[in-house]
Amino acid sequence: MILLMWTCGSASDLRGAAHTIRTLHREEVLNLTVMAELNRQLQEYLSQSKSGGTKSSSSTSVEVGEPGAVPGSWFGRWSSPWSGQASGGSTGSSWPWSAEPDPCLPGVTRKQRLLGFGFCVCLSVLCFGLSALYAPLLLIYARKFALLWTLGSLFAVAAVSILRGPSKLMSGLHRSPGAAGYLCALAGTLYAALSLHSTVLTALGAGLQVALILGSLLSLLPGGSAGIRVLGGWMISVLKKTVCGRTLPI
């Protein structure tokens with residue numbers, strides 16, 4: 001009887017152990033299946049991330065590494081910060097150069113315009129240097145000084161005109177009376193020096209040029225014309241106080 005009970009207990013224990021083993025085996029198989037699925041999903045995600053990163057890096061290298069050339073610029077992509085284009089895409093005046101064809105310079109290439117600009121700049125520097133030699137003898141050689149100064153200014157204007165375009169400069173004269181007056185002063189000074197041979201008129205023309213240049217520089221001060229009026233009134237008041245404060249000797 002005892003042996004039979006022990007045998008039944010052993011059989012039930014064996015069945016319980018077998019059931020436990022089968023349960024553990026099923027759970028292990030399930031875990032392995034889940035791990036395999038997770039591994040497959042991870043490999044797919046990594047492959048997609050690698051392909052997406054390669055595409056984004058190649059597109060970034062094209063957009064950022066090699067900026068496109070700005071249309072109408074002299075020096076390609078190097079002149080892009082100076083192209084005068086607004087952030088909204090509207091194009092402005094490409095200061096100070098423009099490689100667009102100019103109606104006043106038909107058939108002139110970019111290289112020819114740059115060479116012409118350099119030649120005019122050299123002539124302008126030469127004329128200004130020669131005029132500086134006559135500066136100590138201004139009272140004796142006033143006409144030669146004014147003539148050389150005017151030629152230097154004229155060559156400087158011609159250099160800018162070749163580089164930017166004569167039509168653009170001429171189209172902006174109606175918006176800048178000072179620039180138009182300066183060109184008229186240049187022409188009048190040359191006419192007085194070369195045709196009339198008048199020292200007085202040549203000196204007046206050179207003085208008008210200097211006055212217009214100073215006026216354009218003063219207009220750059222903060223406040224514009226109002227600042228110029230305030231500065232002029234202050235200088236006049238100082239002169240009046242200085243003159244009126246002194247007593248003339250009897």
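This section describes the helical make-up of the chain, its buried positions and a nonpolar patch on its surface.

The structure is a predicted model. The chain contains 7 helices and 0 strands, and the order of elements from the N terminus is accordingly written α-α-α-α-α-α-α. Buried residues account for 17% of the 250 residues of the chain. Among contacts with a separation of 6 or more, 59% join residues that lie 24 or more positions apart. The chain exposes an accessible surface of about 18200 Å², and carbon and sulfur atoms contribute 71% of this area.

Helix H2 comprises 25 residues, from 110 to 134. A rise of 1.5 Å a residue predicts a span of 36 Å for H2, and the end C-alpha atoms are 37 Å apart, so the expected and modelled lengths agree. The buried residues of H2 are Arg113, Gly116, Cys120, Ser124, Cys127 and Ser131. In an α-helix, with 3.6 residues a turn, residues three or four places apart point the same way. The cover over the buried residues of H2 includes helix H3, which spans residues 142-164.

Further along the chain, helix H5 (residues 177-196) contains Ala185. The relative accessibility of Ala185 is 5%, under the 20% cut-off, and the residue therefore counts as buried. Beyond the neighbours within four places in sequence, Ala185 makes contact with Gly205, Leu208, Gln209 and Leu212. A further reference point is Val210, which is 25 residues from Ala185 along the chain; the C-alpha atoms of Ala185 and Val210 are separated by 9.8 Å.

Helices H5 and H6 (199-218) also take part in a feature of the surface, since each of them supplies at least two residues of a nonpolar patch. This patch consists of Tyr191, Leu196, Val200, Leu201 and Leu204 and has an area of about 510 Å². Its largest share, 3 residues, is provided by H6. Leu201, one of the patch residues, is located in helix H6. With a relative accessibility of 41%, Leu201 falls between the limits of 20% and 50% and is therefore classed as partly exposed. Ala185 in H5, by contrast, is buried at 5% relative accessibility.

Note on methods
Residues numbered from 1 in each chain as written. Predicted model: local features only at pLDDT ≥ 70, side-chain atom pairs only at ≥ 80, totals over all residues. Heavy atoms only, no water. Helix = DSSP H or I, 4+ residues; strand = E, 2+ residues; numbered from the N terminus. Buried < 20%, exposed > 50% of the residue type's maximum accessible area, 1.4 Å probe, protein only. Contact = heavy atoms within 4.5 Å. Areas by Shrake-Rupley, 256 points an atom, 1.4 Å probe, with all protein chains shown as cover. Expected span 1.5 Å × (residues − 1). Patch = residues over 30% accessible without salt bridge, like charges linked within 9 Å, V, L, I, M, F, W, Y side chains within 5 Å. Salt bridge = Lys/Arg side-chain N within 4 Å of Asp/Glu carboxyl O.
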